[in-house]
Amino acid sequence: MYPAASVILFTTASGVGYGILALAPLLVAYGILPDEDRWLGGALMLPALGLVTVGLLSSTFHLGHPERAWRALSQWKSSWLSREGVMAILSYPPALAYTYAWVFLGSVDGPWVWAGFATVLTAFGTLFTTGMIYRSLKPVPAWATDWTVTGYLTLGPLTGLAVIIAIASGFGLHPVRFQAVTIVFVLAAAIAKNAYWARLQAAWDDHAQNAGAAIASPGNTVRSIEWPHTEANYVLKEMGYGVARKHAEKLRRITRNLLLVAPAIVFCLLPSLLPLPYLIWAVIPGAVLTLAGVAIERWLFFAEAKHVVSLYYGVE
Amino acid sequence: MTCLPDKTTRKLGLVIDLDTCVGCQACVTNCKEWNTGGHMAPLTDTNPYGAEADGVWFNRVHSYEVTTPEGSSRSLHFPRSCLHCEDAACVAVCPTGASYKRTSDGIVLVDEDKCIGCKLCSWACPYGAREYDVFEGVMKKCTLCVDRIYNENLDQEDRVPACVLTCPTGARHYGDLNDPQSDVSRLVRKRGGRDLMPEMGYKPTNKYLPQREKTNVASSVNQSPALAPLDDTSGASGLLGWVDRMLERMD
Amino acid sequence: MHFGAPKENDGVDTSPPVADEVKTTTCYMCACRCGIRVFLKDGQIRYIQGNRDHPVNKGVLCGKGAAGIMNHLSPARLRKPLKRVGPRGSGEFEEIEWEEALTTATTWLGDIRRTDPKKLAFFTGRDQSQSLTGWWAKQFGTPNFAAHGGFCSVNMAAGGLYSIGGSFWEFGEPDWDHARLFLMFGVAEDHDSNPIKIGLGKLKERGAKVIAINPARTGYAAIADDWIGIRPGTDGLLVLALVHELLRAGKIDLEYLLNYTNAGWLVRQTAGDEQDGLFIRGSEGTPLVWDRNRGHAAPHTDAGVHASLSGTHQVDGVSAVPVFQLIADRYTDEAYAPDAAAERCGLSAETIKRLAAEIADAAFNNPLSLPISWTDSKGTRHETMTGRPVAMHAMRGISAHSNGFQTCRALHLLQMLIGAVDTPGSFRYKPPFPKPVPPGPTPAGKGYAPDTPLSGMPLGFPNGPEDLLLEDDGTPIRIDKAFTWENPMSAHGAMHRVIANAAAGDPYPIDTLFLYMANMAWNSSMDIQGTLDALTATDPDTGDYRIPHIIYSDAYVSETIPYADLILPDTTYLERWDCISLLDRPISDAEGAGDAIRQPIVEPDRDVRPFQTVLLDLGARLGLSGFVNEDNSPKFPGGYADYIVNHERAPGVGPLAGWRGEDGQSQGNGSINPDQLERYIENGCFYHGEIPKEARYYKMANQAYLDWAVGMGFLGSADHIVMQLYSEPVQKFRNGARGHGVNQPPDHLRDRVEQACDPLPSWYPTLEDEATDPEAYPLHALTQRPMHHYHSWGSQNAWLRQITSQNRLFVHHETAAMFGVADDDWVWVESRHGRVKGQVKLVDGVNKNTVWTWNAIGKRRGSWGLDKGAPESNQAFLLNHIIPEKLDDGALSNSDPITGQAAWFDLRVRITKAEPDEQGLTEPMFNEVRDPTGDAPRPGKLDYGRSFKTRELAE
């Protein structure tokens with residue numbers, strides 16, 4: 001699948017944004033984040049809202065008709081893409097309310113807890129629906145697995161957490177207080193991503209082995225002799241994108257190091273070893289590395305995912 | 001609208017005979033010329049006279065070599081277009097309702113006034129049947145010539161999809177696959193019509209008739225693979241002796 | 001299968017208006033000439049559809065035909081007459097007015113005609129008006145006329161006409177409705193393409209068996225039940241091995257041979273005399289047979305004669321044997337056995353034996369009998385028509401070899417032996433065929449003189465050495481050396497030799513080369529560089545071009561345009577009148593005679609004129625007889641349409657056969673009907689005169705057919721046409737080579753003529769095979785025609801070029817491995833003449849000793865309206881670059897020694913992997929020529945059809 005820059009930007013940015021929205025109210029509720037610090041609230045919630053908004057807008061960049069984007073909310077009964085749009089819109093009122101309470105009232109107690117709860121639900125809901133868009137595409141065997149959804153549900157919070165820790169450390173909060181939750185999400189993300197990768201090739205091979213079925217000749221081996229067109233067409237440009245397995249391996253390694261190993265060291269290990277002033281110089285780059293890692297992961301997510309239409313073009 | 005109908009009154013579609021298709025591209029260009037002025041007009045072309053020429057087409061013909069497990073090889077021409085699936089994922093994923101399946105005849109269409117050009121439908125289609133028009137910003141696809149098959153401005157016998165109308169070898173058949181008595185349904189039964197990628201579960205309406213079993217030269221001639229000579233003397237004299245006997249009999 | 005529009009309420013307009021008007025005409029996207037219906041909306045072409053009533057295509061249309069809109073709108077269309085201002089080849093032209101163009105041409109041509117008319121060489125390419133262009137040349141008085149048949153089909157045409165009085169290609173067809181076994185030999189996809197496809201569909205529907213004999217498993221071969229991947233140039237050997245098997249098994253139709261062929265005719269056995277090998281003739285000149293009952297010779301036409309097929313007989317003291325005896329002696333020899341042929345053919349002997357068995361089985365175990373009563377030419381009434389349901393068809397794969405004439409004759413021999421010519425289930429003639437064998441008339445050209453028409457048409461059929469076009473000193477009369485001992489039976493001329501000969505002044509220099517629709521500077525020539533050198537060659541003393549004037553007419557900017565001095569821009573096929581005439585190459589089928597017209601569908605939006613109208617204008621300006629009235633005014637002021645209706649070749653015979661006579665009721669023969677074109681238009685722009693039902697088989701001897709054909713003007717008499725197993729005219733040339741007669745070949749050609757001119761079908765290795773070291777060049781190389789491109793025309797078509805804009809070299813996996821070549825590699829393809837670079841695609845479906853590619857996809861930069869970065873000019877390649885024009889002795893043409901047919905498919909090559917820094921770009925790369933229509937950038941987008949949209953978009 002063609003890794004369109006706008007889609008990578010969108011999913012990376014909104015992943016971070018929804019990650020913050022999904023975790024911040026929880027961290028407040030568990031006392032890990034102090035709701036009395038209005039400035040901290042602003043520093044976390046406003047960028048989060050900004051990122052999801054940027055993400056949403058950038059997702060319209062690749063549309064043929066952005067002015068009709070509103071129509072995408074109409075088919076929530078059947079379309080995961082529509083559900084994602086609806087969920088994204090639904091996330092705004094509670095997130096705005098929660099932000100209002102934190103920043104202007106300096107407290108998210110009482111009824112605002114419900115706003116926080118709704119923010120967490122809609123943020124996870126948006127990540128879930130995003131994952132489901134891909135998970136439901138049977139022609140892309142790499143994606144047609146629950147591990148796709150798990151990936152979205154863990155990587156968004158993990159990158160959100162990285163940003164929260166970086167910002168919170170600037171407000172004098174020692175990262176060690178996030179250690180437990182970070183360990184949970186690093187482990188979950190590692191499991192999700194490795195499980196996703198572990199089945200990717202086999203999932204493709206299942207289909208490629210029966211390429212004959214694509215041309216009503218099951219059981220036979222098939223070799224493409226001539227395409228219907230000499231030059232690449234839309235189908236090939238959009239869905240025929242492939243990255244060499246050798247390069248994919250390398251990029252997977254980089255992704256593992258940036259997205260899993262770096263957070264494990266920076267956010268889980270170092271906080272137990274170092275005092276805050278030094279840690280700031282670790283967690284900020286650590287967050288940047290994590291974000292870089294997820295951007296590469298997103299690129300790979302597309303580039304590694306082969307569409308079965310490739311079989312018509314002799315790609316196996 | 002984007003929800004698929006539980007069932008459709010008719011299932012209009014194509015039956016394509018892979019044993020007869022010679023890969024001449026007639027269906028391809030006839031589709032193009034009809035549809036570039038038809039319901040989804042225009043089927044825009046990019047760099048039509050330069051490098052990297054590309055365009056929107058609803059029908060494409062591939063050529064393959066196919067080898068059986070026994071090792072026999074043959075060539076295969078394969079027309080690929082929208083199969084108007086019963087369980088059309090391209091419709092289900094559409095966030096705007098632009099993609100829909102008609103309840104009356106099962107044709108899958110795009111309402112280009114509603115299409116936002118998100119391309120997700122093309123991702124959902126395993127068959128590569130949808131092609132995006134970069135200039136128009138909307139997805140386009142085979143309409144089964146919805147503007148021909150019912151068109152009262154055309155002669156009765158012309159009310160078939162352009163690809164079927166033009167196919168020189170008669171490899172393309174059109175009809176109602178819901179009606180077990182229709183010609184296309186009979187053909188599918190007789191020739192063992194197949195679904196493409198049945199494992200996808202999209203229940204394509206269009207069927208493909210597989211290539212017939214290949215026969216070796218003379219395999220139909222009894223056991224003897226070669227002709228028996230007239231007699232052992234062979235050569236011209238044997239033949240001419242036979243000729244003389246035959247001529248006598250003719251007199 | 002038609003349904004009423006359902007109520008879906010989705011806003012879809014299921015009955016949009018389609019056209020303001022529908023006009024019929026004839027397609028010209030290839031040589032097939034299908035009937036089309038053109039839908040016009042708002043003055044633009046909305047849609048082109050096949051005409052259901054048309055006998056050729058019966059409603060279907062191929063990939064090219066359906067893309068006609070894009071040829072009609074091609075950016076490569078010429079817009080105005082052009083005069084060359086830069087050097088030849090530069091593409092620098094100046095636009096001029098038609099008057100200047102025509103005056104210039106008239107001046108050049110007038111000077112020639114007054115002094116030495118043969119200094120005009122007038123050659124046409126994909127011309128569909130040869131009955132006009134040939135007649136124009138005749139009236140001008142130049143013997144130097146031909147169309148492109150000499151490099152296309154003449155082996156097949158001559159091989160057929162000298163054997164069965166008809167031919168494959170599009171002049172005959174398999175009996176699609178009754179054949180049970182169909183053999184395709186080297187059938188390409190650019191002639192008769194829709195009829196063949198329709199026919200294959202019928203065979204498939206009936207479950208008939210299709211066998212393809214072709215080195216490459218392309219298009220039609222892909223759906224064959226069996227594919228025999230023969231080695232190129234060995235089809236004749238295969239066919240004669242089949243003949244061997246069938247003869248040895250007695251699987252031949254003796255009755256058919258006796259009644260319809262010259263099997264019983266007596267051949268003189270008088271070695272050493274000049275009559276040796278000729279037929280014994282009676283007092284009236286009628287060939288004799290030996291009556292086996294009466295024991296003496298008698299004319300074969302005698303009623304009740306019982307011809308002997310064997311033995312040696314003495315006729316007036318002359319020893320003679322029946323033709324069949326010669327056949328038996330020749331082909332039962334072990335030299336023709338499958339075991340002897342197999343290796344050379346690249347097949348197993350088993351395959352050949354089984355193929356023979358299959359033919360015998362279909363022909364003799366399942367004979368076909370149709371309940372049609374008929375009377376043969378001897379007056380015998382038959383209640384049924386018996387057939388041998390084995391149909392054969394052959395095309396360029398046979399024809400384009402230097403042994404093609406004899407291979408084609410071998411195929412006809414096979415057909416005749418099993419009784420499979422024009423019998424139910426077999427090959428069928430299309431009117432005006434069959435014609436008497438040997439065919440006529442003979443070529444004209446002797447006695448050419450200033451200001452004098454030729455005595456006959458420049459092309460014809462020689463009956464012996466006396467008909468060769470040689471000056472008294474033995475030098476060729478024609479510039480292309482047609483009808484000389486180099487190729488005595490070159491019935492279609494030799495267009496591929498004109499340019500080189502003219503530049504060399506061999507046999508003489510010319511003044512003007514006048515070409516129409518022939519891309520001789522590119523894909524229609526062998527040795528392209530050599531051709532370009534010839535076109536630009538100058539006399540070192542004067543600096544003048546060796547070919548002083550070149551006039552060229554075409555509709556599009558082909559690679560040849562830059563090499564002409566004067567360009568006469570033609571229209572597209574949708575802007576013109578035309579006639580597809582029975583005097584030329586008709587569109588008949590086995591059930592009827594057909595011709596057709598084109599009518600202008602739209603007016604040209606450029607300053608262009610139909611070439612035929614221009615030619616009539618030039619004829620009138622030159623005062624050619626037949627082109628002017630007595631007062632010297634133009635005879636056809638209304639242009640080509642005027643000529644089509646009002647020209648008479650013979651009294652009552654004109655370009656069109658339908659609706660003749662003042663009342664429009666006559667067919668074939670009849671006076672001029674001023675409303676003839678209207679009648680054609682009313683009928684869909686075609687005429688189809690049905691053959692009477694009882695006359696549709698056995699046409700060579702079916703009295704009802706012969707009478708009908710005489711009535712139509714196709715035959716001079718209703719005499720039985722006897723098919724020729726043994727060809728006497730060919731023997732006459734052989735006798736010349738053996739030192740008999742006034743007219744003999746020069747010594748250096750004696751052996752070649754002696755060997756090639758075998759009166760019985762023979763097989764010999766191709767001349768290139770003989771000339772090439774098989775170790776150095778182990779592979780054969782050839783081209784096939786993609787079904788969606790016609791020669792060089794496809795690449796200017798915005799739709800067709802998207803399908804194929806780069807050709808690959810198709811190589812067998814095992815062969816590639818031997819040469820160290822992998823899939824998608826770039827390779828050099830090297831012949832003894834040069835090398836060309838292209839990209840490989842590995843396949844199974846090709847003979848292992850053969851590589852092939854699609855024809856004419858490669859284009860020169862600057863031509864055909866393409867950007868210079870187009871793949872056609874950068875990745876695509878032409879095999880033509882490496883096809884030698886001469887045999888290795890440097891003098892003789894790389895052509896069939898009998899007919900002069902260009903031997904395109906004799907090419908021998910080797911392949912080597914290109915170096916890493918040589919990937920991605922083809923070679924040789926010629927410099928870009930300037931596009932004379934201007935250097936305007938091509939559109940980045942094409943949205944043809946937008947204006948037809950009936951539905952308004954919401955936003």
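The buried residues of helix α16 (residues 611–621) of chain C are covered by elements that include α2 (98–115), α3 (130–140), β23 (512–516), β24 (549–554), β25 (566–569) and α17 (639–646) of chain C, where helices (H or I, at least four residues) and strands (E, at least two) are DSSP runs numbered from the N terminus, and where contact requires C-beta atoms, placed from the backbone, to lie within 7 Å. This is a predicted model, in which local features need pLDDT of at least 70 and side-chain atom pairs count only at pLDDT 80 or more, while totals for chains, interfaces and linings use all residues. Residues are numbered from 1 along each chain as its sequence is written, and chains are lettered from A and ligands numbered from 1 in the order in which they are written.

**Confidence**
- The predictor gives the complex an ipTM of 0.96 together with a pTM of 0.96.
- For chain C the mean pLDDT (the predictor's confidence in each residue, from 0 to 100) is 96, and 99% of the residues of this chain reach 70 or more.

**Helix α16 of chain C and the nonpolar core**
- Ten of the eleven residues of α16(C) are buried, a class that needs 20 or more other C-beta atoms within 10 Å of a residue's own, against 12 or fewer for exposed and values in between for partly exposed, with C-beta atoms placed from the backbone.
- Among these buried residues are F611(C), L615(C), D617(C) and G619(C), and the helix is followed by G623(C), whose phi is positive, near 70°.
- The largest nonpolar core (a set of buried Ala, Val, Leu, Ile, Met, Phe, Trp, Tyr and Cys residues joined through C-beta atoms within 7 Å) has 497 residues, of which L242(C), V243(C), L266(C) and I359(C) touch the most other members.
- Helix α5 (residues 146–170) of chain A provides the largest share of this core, 13 residues.
- Leaving aside residues up to four places away in sequence, V243(C) touches Y331(C), Y336(C), L413(C), L414(C) and L417(C).

**The sheet shared by chains A and B**
- An open sheet of three strands, with antiparallel pairing, has the order β1(A)-β4(B)-β5(B), and two strands count as paired if DSSP finds at least two bridges between them.
- Because β1 (221–226) of chain A and β5 (73–81) of chain B stand at the edges with a single partner strand each, one side of each is left without a neighbour in the sheet.
- Between β1(A) and β4(B) there are five bridges in the antiparallel sense, and E226(A) stands opposite S63(B) in β4(B).
- Strand β4 (residues 59–67) of chain B is joined to β5(B) by nine bridges, with N59(B) having S81(B) as its bridge partner.
- Helix α1 (residues 26–35) of chain B lies across β4 and β5 of chain B and runs at about 165° to β4(B), given that axes are lines fitted to C-alpha atoms, for helices over the stretch in contact, and that angles run from 0 to 180 degrees between N-to-C directions.

**Contacts of chain B with chains A and C**
- In the contact between chains A and B, 46 residues of chain A meet 52 residues of chain B, and β1(A) gives the largest share of the chain A side, six residues.
- The contact of chains C and B takes 100 residues from chain C and 93 residues from chain B, with helix α11 (residues 349–365) of chain C giving the most to the chain C side, ten residues.
- Strand β2 (residues 45–46) of chain B pairs with strand β35 (residues 941–942) of chain C in the antiparallel sense over two bridges, and L942(C) is the bridge partner of D45(B).

Definitions and conventions:
Two residues are in contact if their C-beta atoms, placed from the backbone, lie within 7 Å.
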